[in-house]
Amino acid sequence: MEEPANDEANSCRDDGEMRRNVVFLCVFAAAMAFVEAAVVIYLRTLIGAGPLFPMKDLPPAIVTVEIAREAATLVMLLCAASLAVRGGARRLGAFLLLFSVWDAFYYLWLHVAAGWPSGVTDWDILFLFPLPWVGPVWSVLLLCAGMLAFSVLFLRAPENAPFAPGWSGWASGVAGCGAIIATYILEWKKIGYGKGVPSGFSLPPFLLGVLLLIASGWITYRNARSIRR
């Protein structure tokens, strides 16, 4: 007769621990975003103030360091997600939470510290690898909102639920990421490889990528709920 009470107590402890983990993950991501924003402010001061477009030529050494910094940022997010929770599905949720909060706060801190972006329609240079990505801020925030929504689902999955996208989840996920990345790189190409000023955004391939990622996320979540280790 004591097992239901024990199960309920364990569930309450698990919920309390998860809430604490979520709070710490959000604080970590927001603090990390401030560091990222500070680095960008220093970099823009170094290369000269002014609009982002046309894009300024950076010394090759700085480009190499920037690409390495971007990779290091992803490694940090992956490590924090792996340490914060147990289970493949929950770790995916933690990573999505970290990434979305980090990216959203990055723009918030830049706006507070430097007055940019002035609005969500401003364009930004998002990444440099393998080629520069160019896109409006609203598109990044839309992706962050999707990641945040799925992070809630995955973090609420059972602890023993694995990360199991299956072939269909992998296929739609890779295709979705490819469509979105290709859209951003296409925007860079459309402005003369950075020498012009961006205007209209290529919405159809971007939305296709978003839909494919949603499908991948749902397939992965469904598999995580049905496969237990």
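## Exercises on salt bridges and helix packing

Lys190 and Glu187 are both part of helix H5, three residues apart, about one turn of the helix. The model used in these exercises is predicted.

**Exercise 1.** Which side chains meet Glu187 in a salt bridge, and is Glu187 buried or exposed?

*Solution.*
1. The side chains of Lys190 and Glu187 form a salt bridge, at 3.3 Å from N to O.
2. Buried means under 20% relative accessible area. Glu187 has 1%, so Glu187 is buried.
3. Lys190, at 46% relative accessibility, is partly exposed.

**Exercise 2.** Find where the salt-bridge partners of Glu159 lie in the chain.

*Solution.*
1. Glu159 lies in the loop between H4 and H5, and Arg86 in the loop between helix H2 (60-84) and helix H3 (88-114), 73 residues apart. The closest N and O atoms of Glu159 and Arg86 are 3.2 Å apart.
2. Arg90, in helix H3, is 69 residues from Glu159. Their salt bridge is 3.9 Å, N to O.
3. Arg90 is buried at 7% relative accessible area, whereas Arg86 is partly exposed at 46%.

**Exercise 3.** Work out how H5 and H4 are each oriented to H6.

*Solution.*
1. The axes of H5 (residues 166-190) and H6 (residues 203-226) come within 7 Å and cross at roughly 155°. Angles over 145 degrees count as roughly antiparallel, so H5 is roughly antiparallel to H6.
2. By class, the H5 contact with H6 has twelve nonpolar, ten polar and no charged residues.
3. The axes of H4 (residues 137-155) and H6 come within 11 Å and cross at roughly 10°. H4 is therefore roughly parallel to H6.
4. The contact of H4 with H6 has twelve nonpolar, three polar and no charged residues.

Methods. Residues are numbered from 1 along each chain as its sequence is written. This is a predicted model: local features need pLDDT of at least 70, side-chain atom pairs count only at pLDDT 80 or more; totals for chains, interfaces and linings use all residues. Side-chain values use heavy atoms; hydrogens and water are left out. Axes are lines fitted to C-alpha atoms, for helices over the stretch in contact, and angles run from 0 to 180 degrees between N-to-C directions. Helices (H or I, at least four residues) and strands (E, at least two) are DSSP runs, numbered from the N terminus. Angles under 35 degrees count as roughly parallel, over 145 as roughly antiparallel, 65 to 115 as roughly perpendicular and the rest as oblique. Ala, Val, Leu, Ile, Met, Phe, Trp, Tyr, Cys and Pro count as nonpolar, Asp, Glu, Lys and Arg as charged, and the others, Gly among them, as polar. A salt bridge is a side-chain nitrogen of Lys or Arg within 4 Å of a carboxyl oxygen of Asp or Glu. Buried means under 20% relative accessible area, exposed over 50%, partly exposed in between (1.4 Å probe, protein chains only).
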